[in-house]
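The following exercises concern helix packing, enclosed and open spaces, and backbone geometry. Each task sentence is followed by a solution in steps.

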Amino acid sequence: ASDNSKFRVPATINPAAFSPFSPPPWAREEHIVLQKRAIDALVSLGADPVMTCAPYFYGYAPSEGAHVAWAESSAVTYANSVLGVYTSKESGPSAVAAALLGFTVYGGLHLDSNRQPGVTIEIHTEMKDHLQWGALGIWLGRTFGNTIPYIIAPDVPDTLSLQALASALPTYGGPVLFHMEGVTPRIHQVRIPTRRHVVNAQDLAAVFTEYKKDFNKEPDLLYIGCPHTHPEYLRVLPMSSRIKTLIGGPAACTHQMCLSGGCAAVARLPSGIRRIGVDSFKAAFYMRSKGYEVNVLSRDEIISILEE
């Protein structure tokens, strides 16, 4: 792009390793310089440096039916499935190109014909918290691959549970779209698949057996906010001087434990960390891939640890 190029549509920046304007104390100076260079380049084009994977919580929720070009998989899935937005899963370069042009490719999930579900999922078990919905995302991705599910649930999940499903589903091989009765806008426009499958407690229990671990001691670090969580949740988290805690949050996050503008999936962590407690299956996937021992914890379990 030429020096005077500017984005033609509103654009936000996904999380970096950390905000170069409020880096964590263990960040190396050379990494801060490089991170700032990347952020400054996008800001010069007109991007808002909110640096979050949940822009819909922080002032950037597109209106129903809007066509956008988003690149972060959990945000894409949430936008398509909960907000009723049209977006394919873009790469970083293609999202930048779309922002510069003000257009994106009219194909993929921008076409209603490509958004039709292929399997009906009937949930016949209690979905008591957000981890149950994250486990469902894993099970769907592993069982049906990229087939778009049409979900019939006994109750409408809350916002954080929907985010947990939206983040786990593509992380574990599923599509960046699901349809759910009572949740997805314009759901009457899709055909309910005749292929059906019932999800029971045993299906989800197998996921928890894999990811719920007993360290026999508390974790070295708690990591919360992958994807970035709703700001209301941050307000109820107690502080702890006893256990290291990081919260993935937007660049404007002022919480004492916040990895501002960052994500532990791509950031260096403090030295000496081996065991990590996380509150999402997406975080578990990335922390495991980096060689850490991981235990998936409910929000109540995390709060209990912090309050000890």
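**Exercise 1.** Which residues in H4 meet which residues in H6?

*Solution.* The model is a predicted one.
Step 1. On the H4 side, the residues in contact are Leu131, Gln132, Ala135, Leu136, Ile138, Trp139 and Arg142.
Step 2. Their partners in H6 are Asp203, Leu204, Val207, Phe208, Glu210 and Tyr211.
Step 3. Sorted by class, the contact of H4 with H6 holds 9 nonpolar, 1 polar and 3 charged residues.

**Exercise 2.** Determine how the axes of H4 and helix H6 (residues 201–211) are oriented to each other.

*Solution.* Step 1. Two packed helices are described by the angle between their axes and by the distance between the axes.
Step 2. Here the axes come within 9 Å, and they cross at roughly 100 degrees.
Step 3. Angles of 65 to 115 degrees count as roughly perpendicular. H4 is therefore roughly perpendicular to H6.

**Exercise 3.** Carry out the same analysis for helix H4 (residues 130–144) and H5, and describe their contact.

*Solution.* Step 1. The axes of H4 and H5 come within 7 Å and cross at roughly 25 degrees.
Step 2. Angles under 35 degrees count as roughly parallel, so H4 is roughly parallel to H5.
Step 3. The crossing of these two helices, H4 and H5, is right-handed.
Step 4. From H4, the contact involves His130, Trp133, Gly134, Leu136, Gly137, Ile138, Leu140 and Gly141. From H5, Leu160, Ser161, Ala164, Leu165, Ala168 and Leu169 take part.
Step 5. The residues of this contact of H4 with H5 comprise 9 nonpolar, 5 polar and no charged.

**Exercise 4.** Are H6 and H8 roughly parallel, roughly perpendicular or oblique to each other?

*Solution.* Step 1. The axes of H6 and H8 come within 12 Å, with a crossing angle of roughly 40 degrees.
Step 2. Angles under 35 degrees count as roughly parallel and those of 65 to 115 degrees as roughly perpendicular. H6 and H8 are therefore oblique to each other.
Step 3. The crossing in which H6 passes H8 is left-handed.
Step 4. Val207, Phe208, Glu210 and Tyr211 in H6 meet Phe281, Ala284 and Arg288 in H8. By class, this contact of H6 with H8 has 5 nonpolar, no polar and 2 charged residues.

**Exercise 5.** How many cavities of 30 Å³ or more are there, and which residues line the largest cavity?

*Solution.* Step 1. The count is 1 cavity of 30 Å³ or more, and the largest cavity has a volume of about 80 Å³.
Step 2. Its lining consists of His130, Leu160, Gln163, Ala164, Ser167, Gly225, Cys226, Pro227, Thr229, Asp279, Ser280 and Arg299.
Step 3. Helix H5 (residues 159–171) gives the largest share of the lining of this cavity, 4 residues.
Step 4. The class division of the cavity lining is 4 nonpolar, 6 polar and 2 charged.

**Exercise 6.** Characterise the largest pocket and the second largest pocket by volume and lining.

*Solution.* Step 1. The largest pocket has a volume of about 1100 Å³. It is lined by 43 residues, and Thr12, Asn14, Ala69, Trp70 and Ala71 lie nearest its centre.
Step 2. Helices H1 (29–45), H2 (73–83), H3 (92–101) and H8 (281–289) each supply at least two residues of the lining of the largest pocket. The largest share, 5 residues, comes from H3.
Step 3. The lining of the largest pocket has 32 nonpolar, 9 polar and 2 charged residues.
Step 4. For the second largest pocket the volume is about 300 Å³. Among its 21 lining residues, Thr245, Leu246, Gln256, Met257 and Cys258 are the closest to its centre.
Step 5. Strands S6 (244–249) and S7 (258–260) each supply at least two residues of the lining of the second largest pocket. That lining divides into 12 nonpolar, 7 polar and 2 charged residues.

**Exercise 7.** Is the peptide bond from Cys226 to Pro227 cis or trans, and where does Met51 lie?

*Solution.* Step 1. Most residues other than glycine have a negative phi, and most peptide bonds are trans.
Step 2. The bond from Cys226 to Pro227 is cis, with omega near 5 degrees. Pro227 lies in the loop between strand S5 (221–224) and helix H7 (231–236), and both Cys226 and Pro227 line the largest cavity.
Step 3. Met51 has a positive phi, near 55 degrees. Its location is the loop between H1 and H2.

Terms used
Residues numbered from 1 in each chain as written. Predicted model: local features only at pLDDT ≥ 70, side-chain atom pairs only at ≥ 80, totals over all residues. Heavy atoms only, no water. 1 Å grid on protein atoms, 1.4 Å probe; cavity = no way out; pocket = protein on both sides within 12 Å on 5 of 7 lines; lining within 4 Å. Points joined across faces, edges and corners; volume = space filled by probe spheres on them. Nonpolar A, V, L, I, M, F, W, Y, C, P; charged D, E, K, R; others polar. Axes fitted to C-alpha atoms, helices over the stretch in contact; angles between N-to-C directions. Parallel < 35°, antiparallel > 145°, perpendicular 65-115°, else oblique. Left-handed = near helix turned anticlockwise from the far one by under 90°. Contact = heavy atoms within 4.5 Å.
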